[in-house]
Number of protein chains: 2
Amino acid sequence: MSLSNENKLTLAGLAKLAGVSTSTVSRALNDNPLIKKETRESLQALAKQHNFSLNRAASRLRTQKTNVVAVILNLIDDTDQSISDPFLLKVVGDLNQALNQKGYELLLSNSHMAQDDWANYFISSSRADGIIVIGQGKSTEQVEKVAMSGAPLVVWGDPNTKSNYAVVGSNNDLGGYKATQHLISGGCKRILFLGDPEHAEMSERHKGYSRAIKEAKLDNSNELTLSCDITSKVAYEKIGDAVLAKGLFFDGIVATSDMVALGAMKALKERYINIPNDVSIIGFDDIAMAELFHPALTTIKQDTKSAAKIMVEQLLNQFNNQATKSVVLDVELIKRMSTR
Amino acid sequence: MSLSNENKLTLAGLAKLAGVSTSTVSRALNDNPLIKKETRESLQALAKQHNFSLNRAASRLRTQKTNVVAVILNLIDDTDQSISDPFLLKVVGDLNQALNQKGYELLLSNSHMAQDDWANYFISSSRADGIIVIGQGKSTEQVEKVAMSGAPLVVWGDPNTKSNYAVVGSNNDLGGYKATQHLISGGCKRILFLGDPEHAEMSERHKGYSRAIKEAKLDNSNELTLSCDITSKVAYEKIGDAVLAKGLFFDGIVATSDMVALGAMKALKERYINIPNDVSIIGFDDIAMAELFHPALTTIKQDTKSAAKIMVEQLLNQFNNQATKSVVLDVELIKRMSTR
DNA sequence: TGATTATTTGCAAACGTTTGCATTTTAAGG
DNA sequence: CCTTAAAATGCAAACGTTTGCAAATAATCA
């Protein structure tokens, strides 16, 4: 009822009510010290009383600033699975929080839905002031296009990739290394890497894995790297097939994500292979469910909360024409029951 | 570079380039049949060539329409846990898709972050055209306030609750009934209900549970309803405590969500209680991980995809001043390994 | 060809803010 | 009490679209 369009209260209306000019009301509501403190407060009170709210379309047009950030889930494949990856969605949640804290709102989108030219679609059109891309995808083409356009941009991914844009992400190489070393120290001799080494973040994890293997002088034959998509379903099938074909030729698995680890675990459990005694398994991410599994999943934790905070910081820097940079976050080994 | 503010191409600029008036370009870009087809196409081509894009702030101001829908996660408690509930986030993903299909964008928010007066904050301020609330929360106060304001609104929740707004949700009563009956037909005699009967959706599930128990003339004493928050952590603790205090006084669990079921399963497995032989357990939602657990979780599936589609439909109806209504969705029993 | 109608374009006024600058009011200083 | 400076307010012009209406152009018909 209060929203009936016919008589929606406007700044001018409020000004008339108060007997002052629109400029005064505008400044008062924006807490501009140009306006005397008392008038400011009384106008703010009046506004609240009539529950007036500024028309954002208008102020955005006038100020050329939206206070909106577009967050794009850069999904790898077309499966529904990947959009429901709890890790990605955790990042979105944390970003939402971090953005709100700074007075920004979150416009959600994903690479399947959004138009081709993200900068044009979101920035030139005044839909948002900046873009945060979650995940580098398989190709970085679209992201680079955004960077080229000069639009404020931060991406979640692997910060070691050479790029002309700011990338925030975990130390994936170190994560892979830590994970592998943990298995080695548990006595594993033939350790499988399960994941897609083509993908930026995953390839770093693979590097770390290889380094640890080499240092320990363990078997680093190709057959111990099992290329596999990021979904648990695919991991489940891959491990099933591999064991079927070659028997249990490994005693440890470094999985590229928790979801992948869970898929692998299921395949093993179905064959009555004991975890962690026959095979130790470690994941990556530390999603909420990791500790609910049986056995609870040992994993490399990514700190999404501070990641979100940092990404927002970097984006705000760009808004203010300050320097921006890639940031690499520390990772932490969370020891649970799936490894010895 | 193409985004440098100094010379951002505007409708007027494009018009000058083409040697026509702004109105013509505007209409052409909006594919208005008033404009001759050839000019329309050539102008569209010109726009693409200069990769021009309309300033949405301006058009929103002029048209009083944002083509944005605010989606509010109505979180129950303050734990971080609940924001990472994969079910909620699945719903968000599906909504995103359904909205995009209809030419709308998704502004994400949650009840912790958003201001008190949602209608004012999102609608009056021209941030969005309508609101979709996910979850009824513990109190429906805020939602009702939105409804009162007359703002376009659809909520995901229990469609049986009496309300003056459109609620879309599963047939929770039937779901609870089906779940319980499934356990009964598997031979369970003392079936525990695990969840929060205060909460709208959950209380319906509890009703269905009670009905099935009564029909089968089984034990329906109060001790078999274990009130418990919606997170798996709490469920884990509750089940642990209960078993510790009273032993294994049940042989089946109807859990109010998959996450709750998973928490319960963990508590039982730690005590070497066999699932499903000692205790059968059934969840609700059918999250992606349900089948990854060991044993794979039997559950009642909620069809979020069509739910999302329907919610958007109902909202669009309201935009067009057409009738809107609550819709109840069918649920489906997904039989897996956690029940006999 | 000229009158009449249908098609295609252009003019100019909104939409509701913000903000540089001019103006008024108040305070300070002599 | 007048001058000057400081503080508070108001005027009016943007911001970049869309759209009712008027005008121009093209098509139709007698």
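**Two chains and a DNA strand**

Student: How many residues does each chain bring to the contact between chains A and B?

Tutor: In this predicted model, 51 residues of chain A and 51 residues of chain B take part in the contact. A residue is counted there because its C-beta atom lies within 7 Å of one in the partner chain.

Student: Which elements supply the side of chain B that touches chain A?

Tutor: At least two residues each come from α4, α5 (86-101), β2 (105-110), α6 (118-124) and α11 (258-270) of chain B. The largest share, seven residues, belongs to α5(B).

Student: What makes up that side of chain B by residue class?

Tutor: The side of chain B that touches chain A holds 22 polar, 21 nonpolar and eight charged residues.

Student: How do you know that β2 of chain A and β2(B) pair, and in which sense?

Tutor: Pairing requires at least two bridges between the strands. Strand β2 of chain A (residues 105-110) and β2(B) are joined by three bridges, in the antiparallel sense. They therefore satisfy the requirement. At one of these positions, A:L107 has B:L107 as its bridge partner.

Student: Why are β7 and β12 of chain B called edge strands?

Tutor: They belong to an open sheet of six strands in chain B, in the order β7-β6-β8-β9-β10-β12, with mixed pairing. Both β7 (225-227) and β12 (331-334) of chain B pair on one side only, and that makes them the edge strands. Neighbouring strands of this sheet are turned by 20 degrees against each other on average, direction ignored.

Student: What makes β8 and β9 of chain B a pair?

Tutor: Three bridges link β8 (residues 252-255) and β9 (residues 280-285) of chain B in the parallel sense. Since the threshold is at least two bridges, these strands count as paired. B:G252 stands opposite B:S280 in β9(B).

Student: Which helix lies across β8 and β9 of chain B?

Tutor: That helix is α11(B), which also lies across β6 (191-195) and β10 (298-302) of chain B and runs at about 155 degrees to β9(B).

Student: What makes a residue part of the surface near DNA strand C?

Tutor: Its C-beta atom must lie within 6 Å of the strand. There are 27 residues around DNA strand C, and the closest are A:L11, A:S23, A:S26, A:N55 and B:S23.

Student: Which helix gives the largest share of the surface near DNA strand C, and how do the residues divide by class?

Tutor: The largest share, five residues, comes from α4(A). By class, the surface near DNA strand C has 13 polar, nine nonpolar and five charged residues.

Notes: Residues are numbered from 1 along each chain as its sequence is written. Chains are lettered from A and ligands numbered from 1 in the order in which they are written. This is a predicted model: local features need pLDDT of at least 70, side-chain atom pairs count only at pLDDT 80 or more; totals for chains, interfaces and linings use all residues. Helices (H or I, at least four residues) and strands (E, at least two) are DSSP runs, numbered from the N terminus. Ala, Val, Leu, Ile, Met, Phe, Trp, Tyr, Cys and Pro count as nonpolar, Asp, Glu, Lys and Arg as charged, and the others, Gly among them, as polar. Two residues are in contact if their C-beta atoms, placed from the backbone, lie within 7 Å. Axes are lines fitted to C-alpha atoms, for helices over the stretch in contact, and angles run from 0 to 180 degrees between N-to-C directions.
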